[in-house]
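User: Please take a close look at how the interior of this model is packed. I would like one connected account, including whatever deserves a second glance around it.

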Amino acid sequence: MHHLEKDSHADYLINEIIASNDTLFVYENSDYRWLTFSDKIIQGVMSLAHPEQVVSPISQALMLFLLTEQSSYRLLNLGLGTAAIERGLQYLHDKQKVTIQHCVTVELHDTVIHCAKKHFNFSANSLHTECVQQYINTTQTQFNVIVLDIVHTQYEHDFLQQVSLWEKITQILVPDGQILFNFNPYSELGLIMLLKTIRPHFSAIDIIEFHDYKNIVIRAHKSSTSNLSQHAINQSNTLSTIAPNFLHNVKNIFKV
């Protein structure tokens, strides 16, 4: 995905959306369409030929819940981005590879929602335009999967470090539920503190580390005693359908 950074300029710009808090830039070349904010960091990518495929290695890792077979998925996606999770799940559901009983998306910013609908084939199953923390604190719905892709770069501003947040997350996760989330390890201490916070709530925790990305993905399961393995990933036809070549980008998978 890093190779698209060199194409993030005016020649490939197809839309610029000015919002009160930031500006969104949508770019497109012959193969991909992608989104950046003013900082020019790529927020998400869609393949034009195969929009159902999850392109970003980080987003692909967030789909690893598919390794845990369920009769149906009740999923909460916190942070819309370019709707890669929603597109991938809708495709799998339509092809009868999985059953999506419920998919709730929470996104605070109207401009991101507008952009995802206009440029990234987003069709809302259930959409809530509100703060993630507010939704978590007030919802009575239970889920067997939570996916979270909202990143902070400083400990002081990182809501993932709040003990009360994880207490509420474990309440809305069913007993065999799991959460997968993107984390920027802004410091070794920050990662240690986070793992200490979530450890009491989960029986299995894995960290996925990537070759060309600073960010990591953490998967935490409430009841499973089995951890992720490259063998299980290789054997999953469902995952490979929407996240091809995922392991090429994985440097390590750690058990915590």
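Analyst: Happy to help; the account below starts in the main core and works outwards.

First, the ground rules: this is a predicted model, in which local features need pLDDT of at least 70, side-chain atom pairs count only at pLDDT 80 or more, and totals for chains, interfaces and linings use all residues. Residues are numbered from 1 along each chain as its sequence is written, and side-chain values use heavy atoms, with hydrogens and water left out.

The largest nonpolar core holds 32 residues. Such a core is a set of buried Ala, Val, Leu, Ile, Met, Phe, Trp, Tyr and Cys residues joined through side-chain atoms within 4.5 Å; buried means under 20% relative accessible area, exposed over 50%, and partly exposed in between (1.4 Å probe, protein chains only). The members that touch the most others are Met63, Leu64, Phe65, Leu66, Phe210 and Phe246. At least two core residues come from each of α1, β5, α2, β6, β8, β10 and α8, and α2 gives the most, with four. (Helices are DSSP runs of H or I with at least four residues, strands are E runs of at least two, and both are numbered from the N terminus.)

Phe246 is a good place to look from the inside. Setting aside residues up to four places away in sequence, Phe246 touches Pro57, Gln60, Ala61, Leu64, Ile208, Phe210 and Ile233, where contact means heavy atoms within 4.5 Å. Phe210 also meets strand β12 (residues 250–255), where Val250 lies. Val250 and Phe210 are 40 residues apart in sequence, yet their C-alpha atoms are 4.5 Å apart in space. Beyond its neighbours within four places, Val250 contacts Ile208, Glu209, Phe210 and His211, and at 6% relative accessibility Val250 counts as buried.

A second, separate core has 31 residues, including Val132, Trp166, Ile198 and Ala220. Trp166 leads us to helix α5 (residues 163–172), whose buried residues are Leu165, Trp166, Lys168, Ile169, Thr170 and Ile172. These residues pack against β5 (73–78), α4, β8 (143–148), β9 (173–183) and α6 (188–198).

What about disulfides? The structure has zero of them, a disulfide being a pair of cysteine sulfur atoms within 2.5 Å. The sulfur of Cys103 is 18 Å from the closest cysteine sulfur, in Cys115, so the two are too far apart for a bond. Cys103 is buried at 7% relative accessibility, and Cys115 is buried as well, at 1%.

Finally, three loop residues are worth a glance. Most residues other than glycine have a negative phi. Gln96, in the loop between α2 and β6, has a positive phi of about 60° although it is not a glycine, and Gln96 is exposed, with a relative accessible area of 73%. Asn121, in the loop between α3 and β7 (126–128), also has a positive phi, near 55°; at 47% relative accessibility Asn121 counts as partly exposed. Gln154 sits in the loop between β8 and α5 and is partly exposed at 40%. From Gln154 to Pro185 there are 31 residues in sequence and 9.2 Å in space, C-alpha to C-alpha.
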